[in-house]
Amino acid sequence: MPSKIRKSNRIRWMARVQRDGAIRQKLFDTKAEALAWEAAMRADEAWSPPDEKERMKIVTALDWANEYLDYAKERFSSKTYREKRDAFARLFRVTSSKGLAADVSVPLAFRLLREQSVKRSGYAANKDRKNLAAAWEWGRKYLELPERNPFRAVDKFAEERHPRHIPTEADFWAVYEIAQEQDKIMLLAFLHTAARKMEIFRLRWDDLDFEDGRVRLWTRKRLGGTLEPDWIPMTEDLRAALLELKKRTSSLHVFAQPENGRAFTSRQHWLRTLCDRAGVPRFDIHSIRHLTASILDKSGLPLTTIQAILRHKSATTTARYLHSLRGTKAALDEVFGSGKVVSLFREKSAGAGSGR
């Protein structure tokens, strides 16, 4: 029975016949054509097993790219999708997108990646290698690409990675002080939850449990890319700040773009600009997560508790960090000092009520 395939917003039909251990398949514009072809193949007495190139005639390199990118767009974050799309764009600069996907060879993959290593960096080449190798594995599973993965066959290139700059506490608070009110609360949320960028950007009001003092963070940092929730403690300072913010917004999202009320998807220059204005070395959002870990470590908290707060998941640590979440809220409040931000927002709330 033909199967329906969506290719670049166009519906096509994949006909497939298996006989004597061999498989033939072909793509058609209509289901009727696909059914007729299947019937003809089953009635063909001169059936012979197709060789690999014959089997691959229906899958061009562009077919493979489009199919995989459609899948990636649904499965991964927008940043990851763009990385994969750009990797294919670079591939098609050295080979025709109209050629067979099966013709992408190890020498071709090596030439592409070596060129990226020279022009950009070993890190950039390895990132393309990772994304194209993953795309090939997907195509091998769903489009019957050849077993040998040409990108995985290429050795990784040497990388010169620069360590991430982690701000000092003084630098963080200097940036916090000059930020606008909503941005102050966003910075506080990053610091007090050790959340990743998109976990805070996609945060909705129904992810906040003010009564029990919890925040639900959704992340794709799992094998397979499925969004999964983690409930983590909400410090008293963060709770007070978020309650104050809730009074001033009607958006479903906790941190909404002022111009349209939608969730942020990227804030490319936001933190860099604040750092420049505050006169401190530039740091990015993920650096705040590292700063939180550093603060917790210096406070003497057990490693298992820090793992619970950071939500680093692995087969050996999952049980331990889930158990150690008990008492984490008290530990967070003790480290960050409950009351510092609470009093600030109470003063502002009282001032607004008095008409000042």
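**Close-up views of a predicted model**

**Figure 1. Y68 and F88 form an aromatic pair.** Y68 is buried, with a relative accessible area of 2%. The model shown here and in every later view is predicted. F88 is buried as well, at 3% relative accessibility. A pair of aromatic rings is described by the distance of the centres and the angle of the planes. For Y68 and F88, the ring centres are 6.4 Å apart and the planes meet at 55°. An angle from 30 to 60 degrees is classed as tilted, so this pair is tilted. Y68 belongs to helix α3 (residues 61-75), and F88 to helix α4 (residues 78-91). The pair therefore ties together parts that lie 20 residues apart in sequence. The structure contains 16 aromatic pairs.

**Figure 2. An aromatic cluster includes Y68 and F88.** Its other members are W64, Y71, F76, F92, W136, W138, Y142 and F151. Together these residues form one cluster. F76 also has a charged partner: K84 lies over the face of its ring, 5.1 Å from the ring centre. A second example involves R214 and W231. Here R214 lies over the ring face, at 4.0 Å from the centre.

**Figure 3. Helix α3 carries both W64 and Y68 among its buried residues.** The helix has 15 residues. From first C-alpha to last, α3 reaches 21 Å, close to the 21 Å expected at 1.5 Å a residue. Its buried residues also include A61, A65, L69 and A72. Two acidic residues, D63 and E67, are on the buried list too.

**Figure 4. The largest nonpolar core has 49 residues.** L187, L208, L242, F255 and L271 have the most contacts inside this core. Helix α8 (residues 181-193) gives the most to the core, with seven residues. Take L242 as a centre for the view. L242 touches I185, W205, L208 and F210. M234, V254 and F255 are also in contact with L242. These contacts leave out residues up to four places away in sequence. Another core, of 27 residues, lies apart from the largest one. L108, A109, A125 and L143 are among the residues of this other core.

**Figure 5. D183 is a buried acidic residue in helix α8.** Its relative accessible area is 10%. That is under the 20% cut-off, so D183 counts as buried. Which residues does D183 contact, leaving aside neighbours within four places in sequence? They are R267 and W270.

**Figure 6. E38 is buried in helix α1 (residues 31-43).** Its relative accessibility is 2%. Contacts of E38 beyond four places in sequence include M1 and P2. M14, A15, R16 and V17 are in contact with E38 as well. K26 can be placed relative to E38 by its C-alpha. The two C-alpha atoms are 9.1 Å apart, and the residues are 12 apart in sequence.

**Figure 7. E144 and A194 have positive phi values.** Most residues other than glycine have a negative phi, and most peptide bonds are trans. E144 has a phi near 60°. E144 follows helix α6 and is found in the loop between α6 and α7 (169-178). Helix α6 (residues 122-142) has 21 residues. α6 reaches 30 Å from its first C-alpha to its last, close to the 30 Å expected at 1.5 Å a residue. E144 is buried, with a relative accessible area of 18%. A194 also has a phi near 60°. A194 sits in the loop between α8 and α9 (197-201). At 0% relative accessibility, A194 is buried.

**Figure 8. The whole protein has 16 helices and six strands.** The protein has 356 residues, and buried residues make up 46% of them. Consider contacts between residues at least 6 apart in sequence. Of these, 60% join residues at least 24 apart. The mean pLDDT is 82, and 80% of residues reach 70 or more. Over residues 315-324 the pLDDT is below 50. This stretch has 13 contacts in the model beyond near neighbours in sequence. Where pLDDT is low, the predicted coordinates should not be read in detail.

How values were computed: Residues are numbered from 1 along each chain as its sequence is written. This is a predicted model: local features need pLDDT of at least 70, side-chain atom pairs count only at pLDDT 80 or more; totals for chains, interfaces and linings use all residues. Side-chain values use heavy atoms; hydrogens and water are left out. Rings of Phe, Tyr and Trp (its six-membered ring) pair if their centres lie within 6.5 Å; planes under 30 degrees apart count as stacked, over 60 as edge-to-face and the rest as tilted. Helices (H or I, at least four residues) and strands (E, at least two) are DSSP runs, numbered from the N terminus. Buried means under 20% relative accessible area, exposed over 50%, partly exposed in between (1.4 Å probe, protein chains only). A charge sits over a ring if NZ of Lys or CZ of Arg is within 6 Å of the ring centre and within 35 degrees of the ring normal. A nonpolar core is a set of buried Ala, Val, Leu, Ile, Met, Phe, Trp, Tyr and Cys residues joined through side-chain atoms within 4.5 Å. Contact means heavy atoms within 4.5 Å. pLDDT is the predictor's confidence in each residue, from 0 to 100. The expected span of a helix is 1.5 Å times one less than its number of residues.
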